[in-house]
Amino acid sequence: MTESRTFEELFRDCRRTAVHPVTYDAYMKADPAFTDWRAGADVGPAERWADRHAIVAGATARGVEVRRARIVSVPVIGYIRFEYAVTDGLNIAAREDVRWLLRRRATGISLPGQAAQAE
């Protein structure tokens, strides 16, 4: 039987490295933050996602290397532009290392959902 652990538990117990590949081009298009951003509002990512920010910032403060690879399709859609806009205020502010990779350059990498999301 596999034990399900929370995001917070995983980061609390992490000692060296946490890696998160993001392979989707859109997630929760009805998300209020995305809706607010599209309307031109200041999203305030570190405040809006304060719990997540604190968890990741706590891990990086302990010396954990937190890395995220965002694999994106071209043309870039609105949701990816939203993620790009909030990355500095959320991910980078928590000292996460975020990289962006074009999907066509990731075709040789075995990633979940990679075949289902062609450009």
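**View 1. The loop that holds Pro75 in the predicted model.** Pro75 belongs to the loop that runs between strand 2 (65-72) and helix 5. In this predicted model, the peptide bond between Val74 and Pro75 is cis, with omega at about 5°. Most peptide bonds, by contrast, are trans.

**View 2. Arg95 in the loop between helix 5 and strand 3 (97-102)****.** The backbone of Arg95 has a phi near 70°, which is a positive value in a residue other than glycine. Most residues other than glycine have a negative phi. Arg95 counts as exposed because its relative accessible area, 60%, is over the 50% cut-off.

**View 3. Thr87 within helix 5.** Helix 5 covers residues 78-90 and includes Thr87. Thr87 has a relative accessibility of 4% and therefore counts as buried, the cut-off being under 20%. Apart from neighbours within four places in sequence, the residues in contact with Thr87 are Arg70, Ile92, Val98 and Trp100.

**View 4. The largest nonpolar core.** Nine residues form the largest nonpolar core of the protein: Phe11, Cys14, Ala18, Ile55, Val56, Ala59, Val64, Val66 and Ala94. Helix 4, which spans residues 50-61, gives the most to this core, namely three residues. A second core, separate from this one, has six residues, among them Ala33, Phe34, Val43 and Phe82.

**View 5. The surroundings of Ala94.** Ala94 is one of the nine residues of the largest nonpolar core. When neighbours within four places in sequence are left aside, Ala94 is in contact with His53, Val56, Ala57 and Thr60. Of these partners, Val56 is also listed in the largest nonpolar core.

**View 6. Gly40 in the loop between helix 2 (32-38) and helix 3 (45-48)****.** Gly40 has a relative accessibility of 64% and so counts as exposed, the cut-off being over 50%. Along the chain, 63 residues separate Gly40 from Arg103, and the C-alpha atoms of the two are 28 Å apart.

**View 7. The residues 114-119.** In this stretch the pLDDT is below 50. The model nevertheless gives residues 114-119 a total of 15 contacts beyond near neighbours in sequence. For the protein as a whole, the average pLDDT is 86, and 91% of the residues score at least 70.

**View 8. The whole protein, for orientation among the close-up views.** The protein has five helices and three strands, and from the N terminus on these elements follow the order α-β-α-α-α-β-α-β. Taken along the principal axes, the box filled by the C-alpha atoms is roughly 40 × 40 × 30 Å. The chain has 119 residues, of which 34% count as buried. Among contacts with a separation of 6 or more, 77% join residues 24 or more positions apart.

**View 9. Surface and charges.** The exposed area of the protein is about 7700 Å², and 54% of this area comes from carbon and sulfur atoms. The side chains include 18 positive and 16 negative ones, and a distance of 6 Å lies between the centres of the two sets.

Technical notes:
Residues numbered from 1 in each chain as written. Predicted model: local features only at pLDDT ≥ 70, side-chain atom pairs only at ≥ 80, totals over all residues. Heavy atoms only, no water. Core = buried A, V, L, I, M, F, W, Y, C linked by side-chain atoms within 4.5 Å. Buried < 20%, exposed > 50% of the residue type's maximum accessible area, 1.4 Å probe, protein only. Helix = DSSP H or I, 4+ residues; strand = E, 2+ residues; numbered from the N terminus. Contact = heavy atoms within 4.5 Å. pLDDT = per-residue confidence, 0-100. Areas by Shrake-Rupley, 256 points an atom, 1.4 Å probe, with all protein chains shown as cover. Lys, Arg positive; Asp, Glu negative; His and termini not counted. Charge placed at Lys NZ, Arg CZ, Asp CG, Glu CD.
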